[in-house]
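Q: I've got this model open on my screen and I'd like a close look at one helix in it. After that, please walk me around some other spots worth clicking on.

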Amino acid sequence: MASSEIAQCLSATLSPDNNTRITAELKLNELFKSPQSSVGLAQLLLAQDADLALRQISLSINLRKYVTEHWSPYFTQFKGNAPPPELKTQVRQAVFQGLSDPNRKIRSLCAHTLSSIANSDWPDEYPDLLNQLMGLLASGSPDSVYGAMQVFTEFIKTDLTEDQILPILRQLLPVLLNIVGAAQQYAALSRARAIAVFRQCVETLYMVKEQHPQATKEASGQVLPVWLDAFKVLLNIDPRQDIENTQSWDGVAIRIQIYKTLDVIQSSFPKNLAPYLHDFLTASLNHLNALYPAFVHYYLLSEDSAPGSSEDEPIDLAQLACPIFDFVSRASRNGRGKEWFQQDNLNALVSNIFSWSQMTSSDEDEWARDANAFVVQETDEALSYSVRMAGFDLLACLLDRHRDSVVATSNSVTMQVIANSEQARSAGKGDWWKGLEAALAALGSQSETIVECIQDAREEGQPSPIDIESLLANVVPPLLGISDAPFLQGRAFVFASRYASLLPTEVAGLYVNAAVEALENKSAPMCVGISAVMALHHFCSGVSHSVLLPFMSRIANDLGPFLLQTTEDLLGLVLETLISIVSIESGKWLNIELAGALTVSLLEVWMKNNKDPIIISNLTVILEHLAGAEAPGIYENVIKLALPPLSNAILSSTEYDAWISGTAIEVVNGIVQGAPNTGLGAGFFDVIGPSLFEALRKVEDRDVIQSGIECLTSIIRKDVNQILNWKDPTTRQSGLECTLAVIARQLQSDNEAGGLVIGDLIIHLLRKAGDAVVPVLPELLQAMVARMQTARTATFIQSLVIPFAFLIHNGQRDTVLSLLESTNVDGRSGLEVLINTWCENAETFQGFWAIRISTLALSALYASERPNLQNLMVKGDMIVRPETKNVIMTRSKTKKMPTEWTSVPFPVKALKLMLHDLQSGGEAASMGLGSSGDADSDDGDEDWSDDGDEAGSKKAEYAYLSEIMNSAGINPNIAYAGSFDHDDALEAGDDEDLKQDPVSHIDLRGHILSFLRECAARNINNFSAVVGQLSPEEALVVRQVVSQQ
């Protein structure tokens, strides 16, 4: 197929006429079905006389598309018609030749295409690729070197196996080093790329460190010192040579790549870097000092445009300053180079952080134009890494290691900045404010550490190393009204709020009032208003509520309109601030009108942002606080305004916009959780019930189902009578019947994504509905035990088991057991299904309350002495065979040698589980006993490795437990016992009713110990014989317990 025919089609695809373009694209698709088309594309690629645009289209779109769709079944997009080997060879040769093309874009496109081909063909079909690339690197041609290095950059990341890496690196790295050192032969950007490829090699070398430790150690020991020597020479050259009297800053690219590489070496091979660390730290400081005047000229003042690179790639001083800061940060964070971080160098570093963190002209333009960009730069969530962020990170590292001296240095640098700012302002310089804004931003970013330092000094009777109080009293107040420098004005508010805990009460009130006035000033620049919101957010957690209460209504009134005018990050800030506001004094300061206005605004925000989970989460919390406000009439007004539109949204959403229903249910759930403990109020479920049950009947989206079940559970926990007294106006089913239908649907579904939520619903229905559930309980329990047969996930299994545990513990043991004994599940008794499922999964149960109820119920089952339980065989301990002992069990080994388990009677297993709870609930577990020896492994294969010497590990666990019991006399006051019964162990989301449940307050450790002693004393269930079937270590613990009355 001639390349001219393809060129004609490609030209037609550029036609402004739509019909011509579509016809050409269809024809191309037909041509590509012929393997010959690949050769035609390759020929066009090499045609120097062809139009450059056609050559680029041939590569960037069509040839790469051809490779992914027609080259090889290796590619997931493969559509067939792969070319024969001889045509593939021609194409590979052409693309390889393109790596040396005079046009840089063609070289880059060829490099990407060849990398894709290599993914499929190397090494089997393309064995000479590496030698060919090495030949290009050694050719001396700048164009060829450029193309080859681009291939290597991608190739080393993806295509080399562990065994291939080391030999290739030994061959490649000397060639790369020669390129870096040949300044007269190769352009600066080519040398920078060689360093970038070397960095990728270092990362790859580190990846195989565990597999080939000795070879990696030898390779790093031989290679890294040579490169580090070269870096040292290059960094000792005055960096100003790369930016002064030159048309491009290509030389800066070399320094950028060096510092990025040094940071990688420092993290992966720190010992090799150690002898050079002081030199590189000194070079870092020299670079910051030498380049700062250019930073001021080009970026702070924008007196000229920075030259950039010769290839139109972005190169600026920020790209160099960031990796310098990062390199020094890592050295400080890891405690390396301690001797270098002495006072003079610390002073210089802090001064540079303050200087380089100033706002650039582009920062001013962007932050004045884009409110979200201004907000995000104040957080750690900025997508683009800035010099300011890198500098503040370094300041944090320095404070962590040298707190008092760095705080003192920050104080002296700040005083100097203040003096310089005053002089510059008096001289009429427009940028006078930038240094002061940066200093306040730097101090504000480290407020927690600095406040801690001040408080420690006070406690020790020492003078404070920094005078923040003086700044707050004398420097910051005049800045609050300085309208000609709005960014500094806003920074003053934020700075004061960061140090709110140091403000006297009367001064704090003045600052809060000033922030509120700034928020209310409609003519103030956007950055001032946003800064006032940030400040109020911090003031809410930093000053006394007595200071804030007089301003609460004004702040809430001012923030309400913000909700409807903001988006994205700024909206998130406003919502977070509102959360802080409405939670103060439990909303006692709210009035019905204000709460109503906020509710309406929040619902409008929800309608506009119902796809954003963070915004939905925040506004749900606000509505929860509003519903829980202690001011009279607020709750009733909130549900009056919120429930009808939310109910309509739940009912009207379709399968195509199910998220609307899901988020509406989330919001309703928040309101329920905030509702008074006295109940949800008359008519609540009349409004929300029909739409909620309709959604749970019809919706297939698992997120919506989970949210709906959680909401239904919350309603049951808060006010179960709402459901018990309600009837569906359409079907006339009772609320209880509708709830049971929800449970039945989930039990019948193959989707177990709901996990624990369905179990929570069942548990709280049993807890709260009482006798109302009794008539349907047998049918419910039979459905649950039948579903256990096919349940797969741990959370779903727990959801099915724990309700049985609850009933057994709460006096229904014999009733439940009799029901299960008479229940047939595919030829097995329901009792057998439950007990086997329970015993196999008990150790995976999650949640403080669930684990306790399981253990309590197991003890009740053991004590029942029911014959069917005594004779029931369940899974016991794992069998550790000699051939698998101390062997990492991979997936393939596990398939060949499946894990085997002993089979033991239920009473034996019940005792084992109780002893496990006794051990894991105490200090032995917190000290790491019972975990396998490879706990620090991060290879992702934890589930597929053997526990090593499991018997030895278990022996150590029980020996330790026995020792504690013996030495402590089973003292109930020892720390070991505490974790069983500490209320803080309850989940943060547990409602008050679950925290107050008697199960949560039982002395579980004491219960297990007294239970074991009673069993021994009365020989319950032939206790002595059961103990004889335990492991020696377990039996030892039981004897210790029994002997210490």
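Which residues are buried in H23?

A: Quick heads-up before we zoom in: this is a predicted model. In H23, the buried residues are Ile468, Leu471, Leu472, Val476 and Leu479. If you look down the axis of H23, those buried residues fall within an arc of 95 degrees, so they line one face of the helix. That fits a bit of textbook geometry: an α-helix has 3.6 residues a turn, so residues three or four places apart point the same way. Now spin to the other side of H23, and you'll find Ala473, Asn474 and Pro478 exposed.

What does the buried set sit against? The buried residues of H23 pack against five helices you can colour in: H20 (403–426), H21 (434–445), H22 (447–459), H24 (486–498) and H25 (505–520). As for the helix itself, H23 runs over residues 468–479, twelve residues in all. From its first C-alpha to its last, H23 reaches 15 Å, close to the 16 Å expected at 1.5 Å a residue.

Now zoom out for some context. The chain holds 52 helices and four strands. It has 1045 residues, and 53% of them count as buried. Take the contacts in the chain with a separation of 6 or more: residues 24 or more positions apart account for 75% of them.

Out at H52 (residues 1032–1043) there's another helix of twelve residues. H52 reaches 16 Å from first C-alpha to last, close to the 16 Å expected at 1.5 Å a residue. Its buried residues are Glu1033, Glu1034, Ala1035, Val1037, Val1038, Gln1040 and Val1041.

For a helix pair, go to H10 (residues 188–207) and H12 (residues 250–268). Two packed helices are described by the angle between their axes and the distance between the axes. H10 and H12 pack at an angle of about 10 degrees, with their axes 8 Å apart. They are therefore roughly parallel to each other. On the H10 side, the contact includes Leu189, Ile195, Phe198 and Tyr206, while H12 brings in residues including Ile254, Ile258, Val264 and Ile265. Sort the residues of the contact of H10 with H12 by type, and you get 13 nonpolar, four polar and five charged.

While you're on H10, click on Ser190, which is found in that helix. Ser190 is buried, with a relative accessible area of 5%. Leaving aside neighbours within four places in sequence, Ser190 is in contact with Pro142, Met149 and Ile179. Val145 is worth a click too: Ser190 and Val145 are 45 residues apart in sequence, but C-alpha to C-alpha they are 7.3 Å apart in space.

Another serine to try is Ser707, in helix H35 (residues 702–719). With 11% relative accessibility, Ser707 counts as buried. Setting aside neighbours within four places in sequence, Ser707 is in contact with Gly662, Ile665 and Glu666.

For a contrast, go to Lys611, in the loop between H30 (592–608) and H31 (613–627). Lys611 counts as exposed, at 61% relative accessibility. Lys611 and Ile660 are 49 residues apart in sequence, and their C-alpha atoms are 7.7 Å apart in space.

Last stop: some backbone oddities. Most residues other than glycine have a negative phi, and most peptide bonds are trans. With that in mind, check the peptide bond from Trp122 to Pro123: it is cis, with omega near 0 degrees. You'll find Pro123 in the loop between H6 (104–121) and H7 (129–137).

Then there's Glu585, which has a positive phi of about 55 degrees although it is not a glycine. Glu585 is found in the loop between H29 (568–582) and H30. Its relative accessible area is 31%, so Glu585 is partly exposed. Asn1022 is a residue other than glycine with a positive phi, near 55 degrees. Asn1022 is in the loop between H50 (1004–1018) and H51 (1023–1027). At 43% relative accessibility, Asn1022 counts as partly exposed.

Conventions
Residues are numbered from 1 along each chain as its sequence is written. This is a predicted model: local features need pLDDT of at least 70, side-chain atom pairs count only at pLDDT 80 or more; totals for chains, interfaces and linings use all residues. Side-chain values use heavy atoms; hydrogens and water are left out. Axes are lines fitted to C-alpha atoms, for helices over the stretch in contact, and angles run from 0 to 180 degrees between N-to-C directions. Helices (H or I, at least four residues) and strands (E, at least two) are DSSP runs, numbered from the N terminus. Angles under 35 degrees count as roughly parallel, over 145 as roughly antiparallel, 65 to 115 as roughly perpendicular and the rest as oblique. Contact means heavy atoms within 4.5 Å. Ala, Val, Leu, Ile, Met, Phe, Trp, Tyr, Cys and Pro count as nonpolar, Asp, Glu, Lys and Arg as charged, and the others, Gly among them, as polar. Buried means under 20% relative accessible area, exposed over 50%, partly exposed in between (1.4 Å probe, protein chains only). The expected span of a helix is 1.5 Å times one less than its number of residues. The arc is that of the directions from the helix axis to the C-beta atoms.
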